[in-house]
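Hi,

Here is the structure I promised to pass on. Have a look at it before you read my notes.

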Amino acid sequence: MFDQLRRGFGNNFYAHLSQQFRIENAKGIPEPVNDFAVRQHFMVTAANVTGRNLTPFFEEWGMQMDDATRSELAKFPDLKEKIWNNFDRKTDKLERNLPPLEVPCTLTSPVQGAIFGVGHMPKYRGKGAPGATITVEQGLRSGGWEEVGTATVDSSGDWSLLGAGLTAGEREARATQTNGGSGFARNTFTVMDKMPRYPVTLTSPAGGASFDVNHEPVYRGRGTPGTAVTIEQGPLTGAWYNVGTAYVNINGDWSLSGEKLTAGKREVRVTQQYGGDCFASNSFTVTERIEHPVTLTSPAEGAVIDPDHFPRYSGSATPGAIITVHQGEITGGWSYVGTITVDSSGEWSLIGQNLPAGEREARAIQESNGSSSHYNPFTVKHVVKVPITLTTPAAGASFDESHLPVYSGKGTPNATITVEQGLRTGNWFTVGATIVNPSGNWSLTGHQLAFGQREVRATQNYDSSDFVRRDFTVTREVAPVTLTSPEESAVFEENSLPLYAGRGTPGALVIIEDGPKGGSWNSVGTTWVDHSGDWSLTGHRLGVGEKVIRATQYIGGESSSDKVYFSVKDQGPLEFPTPPRNLRYEWTSATTCRLSWDSSTGDSNEDKMTYYITLRSSIWHPTKDTAYNFTGAILPSYTAHVYATQLSPEGVKRSEEITVVVKR
């Protein structure tokens, strides 16, 4: 049957059919819920693609057709040829030769809203019709295009072209397809004189995380947009193994899915290369397979469903295990529903056929090293159907990224509501499922969403015809950066270690710079604004003079800054306290190094002594103790420094530094 469609409508038939399925997916049209619905959908789509009434063709092949499908196919002209007799190339009849599929031109890099520095050589790439010519141009948004060059689309439909470095400004790239294709695509981007450098972070797996050998870890974190992040993992006592490379997106996020790992104590390391390597690492544990008993959460015990409802059997079990589902009347006799493999998160689900009215029971059996089963009774009876509604978020609603959206509405009591959301231009992501209560109400709390134009869809009882959708917007509340410490006109003693602190937009990068009043800027360091909107950074020792500190915040292509002026006075001649003694180190874990030393001797007011310790950076950490723990990516041959200070009536006294080289 499938080959006869190709013989009757040409070699481009399946390209057009697949394109139609992709369009439906992009529009968020739910997929058919069972085999019968899949066949109806296929017949209607084939008729739309060919522009012919294919009823006699499908009847010849014994395809069952409901009244709705028959009506849809009758809208098209009748077949002129008996394509169901096409078995021999010599006698085949061509009903209609569909033209080649038009492949549009796309521009995937630079992505819309990308930011990079003047030293970056952008790579322009995208997709198009194989063999077509792509002409790439770029220019300032204020006007004037400059040709970058041309590229030929390869056999896989991909093209790429490396451009030259660009001057700073708001710019736009345009790709035009000719000689075998048509259409063009364009994206805007920004070139900055001084590109902010985001330190790489590793948020998953979190430090101390634990999962079993069936779990497929996702490595993710943050970094400088556009840079490559190399991910490696290995046992704590062994060599590193390359996991792969991820690229930081325009929002500063990166992620990469890894493979299952063998049991043991492990460590992951990420490296970002941007004007010098930047590292982050976390240790985690992979355990042997843990057997979990199977659960059956749907249909819930005592649930009531309609005979027209296609029940969803779902629950949890051991990742990787096989679940066999049966259902039957409580008075006896089981009927096979199907089998499903438990996913890496320990969840499983399976949609069954609609059932006749009666008192019934569902059974889920886990087949693994620790076999187990779960039973739930439920009732199938006719109920009054209530069309699904979606009251929150309301159409056109708007809320910010910190908001936890609540999806709610009305439906048929005891029906299952599946909620999905996604960008209006992208794919759907499942939020979760919930049951309509006896009063006909349902609600489900979602998770925080990234800013953008979004859409939510709620489907009742997995029926593709019973769903509702709403558009909404997630906004980003960008708070300008502020400096709360030091205060304006503050006065410091020479060699003081200032604490710079303030507020900003959660998740934003803050770059700290200082310098003499009226002079040039010097970099102090970078930090992130925490989830509460606070940030802080310890500066380096200060010299005498009139000073200014500047904090600049970068997030989502926007920036803001704040400045504070202060002064540092000469502390005069001071006696130096005796330096600390016997600086040493100890590895207390794979990523924690403890530095300790003996206290200074021969000095009065020992209780007023403060020690300053640093490792691998210019940031000094004050402590009253004679020990300090460093945690993170600590590489061999880092040098630790420590010195003592003491407050006296004449000012702050500072000892000489002592050092030790930290090794594995």
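Below is what turned up in it, starting with how far to trust the model.

This is a predicted model, where local features need pLDDT of at least 70, side-chain atom pairs count only at pLDDT 80 or more, and totals for chains, interfaces and linings use all residues. Residues are numbered from 1 along each chain as its sequence is written, and side-chain values use heavy atoms, with hydrogens and water left out.

**Confidence**

pLDDT is the predictor's confidence in each residue, from 0 to 100. Its mean over the chain is 84, with 91% of the residues at 70 or more. Strand 23 (residues 406-410) has the highest confidence at 95, and strand 43 (residues 651-654) the lowest, at a mean of 65. The strand and helix numbers count from the N terminus; they are DSSP runs, of H or I over at least four residues for helices and of E over at least two for strands.

**The nonpolar core**

A nonpolar core here is a set of buried Ala, Val, Leu, Ile, Met, Phe, Trp, Tyr and Cys residues joined through side-chain atoms within 4.5 Å. Buried means under 20% relative accessible area, exposed over 50%, and partly exposed in between (1.4 Å probe, protein chains only). The largest such core has 21 residues, and Phe9, Phe13, Leu54, Phe57 and Phe58 have the most contacts inside it. At least two residues each come from helix 1 (2-9), helix 2 (13-26), helix 3 (35-50) and helix 4 (55-60). Helix 3 gives the largest share, 6 residues. This fits a general habit: in soluble globular proteins, nonpolar side chains tend to be buried together.

Try clicking on Phe13. Leaving aside residues up to four places away in sequence, Phe13 touches Leu5, Ala46, Val49, Thr50 and Leu98 (contact means heavy atoms within 4.5 Å).

**Two open sheets**

Strands count as paired if DSSP finds at least two bridges between them. One open sheet has 5 strands in the order 15-21-20-17-18, with mixed pairing. Strand 15 (303-305) and strand 18 (334-341) are at its edges with a single partner strand each, so one side of each has no neighbour in the sheet. Neighbouring strands are turned by 30° against each other on average, direction ignored; axes are lines fitted to C-alpha atoms (for helices over the stretch in contact), and angles run from 0 to 180 degrees between N-to-C directions. Strand 17 (residues 322-329) runs antiparallel to strand 18, joined by 7 bridges, and His326 stands opposite Tyr336 in strand 18.

Further along the chain, another open sheet has 5 strands in the order 30-36-35-32-33, and its pairing is mixed. Its edges are strand 30 (490-493) and strand 33 (522-528); each has a single partner strand, so one side of each lacks a neighbour in the sheet. The twist from one strand to the next averages 30°. Inside this sheet, strand 32 (residues 509-516) and strand 35 (residues 545-555) pair antiparallel over 8 bridges, and Glu513 has Arg550 of strand 35 as its bridge partner.

**Strand 38 and its partners**

What is strand 38 (residues 592-598) enclosed by? The rest of the structure largely encloses it, because 5 of its 7 residues are buried. Strand 37 (residues 581-589) joins strand 38 through 6 antiparallel bridges, and the two form a hairpin with 2 residues between them. Strand 38 also runs antiparallel to strand 41 (residues 627-631), over 5 bridges. Thr592 links the picture: Ser589 stands opposite Thr592, and Thr592 stands opposite Thr631 in strand 41.

**Backbone oddities**

Most residues other than glycine have a negative phi, and most peptide bonds are trans. Here are some exceptions:

- Ser204 and Pro205 are joined by a cis peptide bond, omega about 0°; Pro205 is in the loop between strand 7 (184-192) and strand 8 (209-212).
- Ser298 and Pro299 are also joined by a cis peptide bond, omega about 0°.
- Ser489 has a positive phi near 70° and is exposed, with a relative accessible area of 54%.
- Asn582, in strand 37, has a positive phi near 55° and is partly exposed at 48%.

**Cysteines**

How many disulfides are there? The count is 0, taking a disulfide as a pair of cysteine sulfur atoms within 2.5 Å. Cys105 is buried at 7% relative accessibility, and Cys593 is buried at 0%.

Cheers
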